Amino acid sequence: MARPRAFDERRVLEQAREQFWATGYAGTRMDDIAQVTGLGKGSLYGAFGDKGKLFHRVFDEWCTAVVEVAEERLAGGPDSEALARLSGYVHLMAENTASDTERRGCLLAKGAAELAQHDPTVAGRSAETMTALLTLLRTEISAAQRHGDIDSAADPERLAALLLTVVRGIEAVGKAGLDPETLRNIADTALAVLPMSEGQKRLATGRSPAREN
């Protein structure tokens, strides 16, 4: 009969995630994980496998959380509120990046940049996550089109890809040092270029459009 584990698996995974997040995959040793978790390497290998398997577990859970955050904002509802849901999500991503004063960025982006080229598991999970986000954005854009808030002649797939690129790009440039107000302006500009009336642009961005000289 297997002996019950004498540690909190969830807490260990969170501590391992923090270490990978701080120092990257290549810069993290199992000795480092053992130190931050207080567990021996034998216990870590027995519970989670080698460093690669442990990172895959952490990375998978992070990707799941990224999609869950999007689902909380883009989970559907009345078509009349779709534009507000899109606006809320894009602004949330900008604010989250603006509040990341340590500039650690997103583990999804960091892990994919470091490992996707030669790690099929990371590459596949990253692509799966991006596809899920794209689907959520496309669904909301289509709903806004049905309500007349976004031009029905526009391609929802292309608009969703644009917003996804902006959202993920905000994280990248924020990590590189752009100030919070610039990040918020990027979010506003991305929403403002969607094909909709000036009135709807004001609702989406929360700001009045600039007057032409």
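## Starting inside: valine 167

At 4% relative accessibility, valine 167 counts as buried; buried means under 20% relative accessible area, exposed means over 50%, and partly exposed is in between, using a 1.4 Å probe and protein chains only. This valine belongs to helix α8, which covers residues 156-176. Helices (H or I, at least four residues) and strands (E, at least two) are DSSP runs, numbered from the N terminus.

Which residues does valine 167 touch, not counting residues up to four places away in sequence? They are Tyr89, Val90 and Met93, where a contact means heavy atoms within 4.5 Å. Aspartate 8, by comparison, sits 34 Å from valine 167 in space, C-alpha to C-alpha, and the two are 159 residues apart in sequence.

## What you are looking at

This is a predicted model, in which local features need pLDDT of at least 70 and side-chain atom pairs count only at pLDDT 80 or more, while totals for chains, interfaces and linings use all residues. Residues are numbered from 1 along each chain as its sequence is written, and side-chain values use heavy atoms, leaving out hydrogens and water.

## The overall picture

Have a look at the whole fold now. The protein has ten helices and zero strands, so its pattern along the sequence reads α-α-α-α-α-α-α-α-α-α. Its C-alpha trace spans about 70 × 35 × 30 Å along the principal axes. Of the 213 residues, 40% are buried. Among contacts between residues at least 6 apart in sequence, 67% join residues at least 24 apart.

On the outside, the accessible surface comes to about 11500 Å², and carbon and sulfur atoms account for 51% of that. Accessible areas come from the Shrake-Rupley method with a 1.4 Å probe; for residues, only the protein chains shown count as cover. There are 26 positive and 31 negative side chains, and the centres of the two sets lie 4 Å apart. Lys and Arg count as positive and Asp and Glu as negative, with His and the chain ends not counted; each charge is placed at NZ of Lys, CZ of Arg, CG of Asp or CD of Glu.

## The nonpolar core

In soluble globular proteins, nonpolar side chains tend to be buried together. Here, the largest nonpolar core has 59 residues. Such a core is a set of buried Ala, Val, Leu, Ile, Met, Phe, Trp, Tyr and Cys residues joined through side-chain atoms within 4.5 Å. Those with the most contacts inside it are Leu44, Leu54, Tyr89, Leu137, Ile150 and Leu163. Leaving out residues up to four places away in sequence, leucine 137 touches Leu74, Leu86, Tyr89, Ala160, Leu163 and Leu164.

## Two buried polar residues

Threonine 97 is found in helix α5 (residues 82-98) and is buried at 14% relative accessibility. Beyond four places in sequence, threonine 97 touches Ile170, Glu171, Gly174 and Leu183.

Glutamine 19 lies in helix α1 (residues 9-23) and is buried too, with a relative accessible area of 15%. Leaving aside neighbours within four places in sequence, glutamine 19 is in contact with Gly24, Thr28, Asp32, Ile33 and Val36.

## Two cysteines, no bond

How many disulfides does a search of the whole structure find? Zero. A disulfide is a pair of cysteine sulfur atoms within 2.5 Å. Why do cysteine 63 and cysteine 106 not form a bond? Because the sulfur of cysteine 63 is 7.7 Å from the closest cysteine sulfur, in cysteine 106, which is too far. Cysteine 63 is buried, with a relative accessible area of 0%, and cysteine 106 is buried as well, at 9%.
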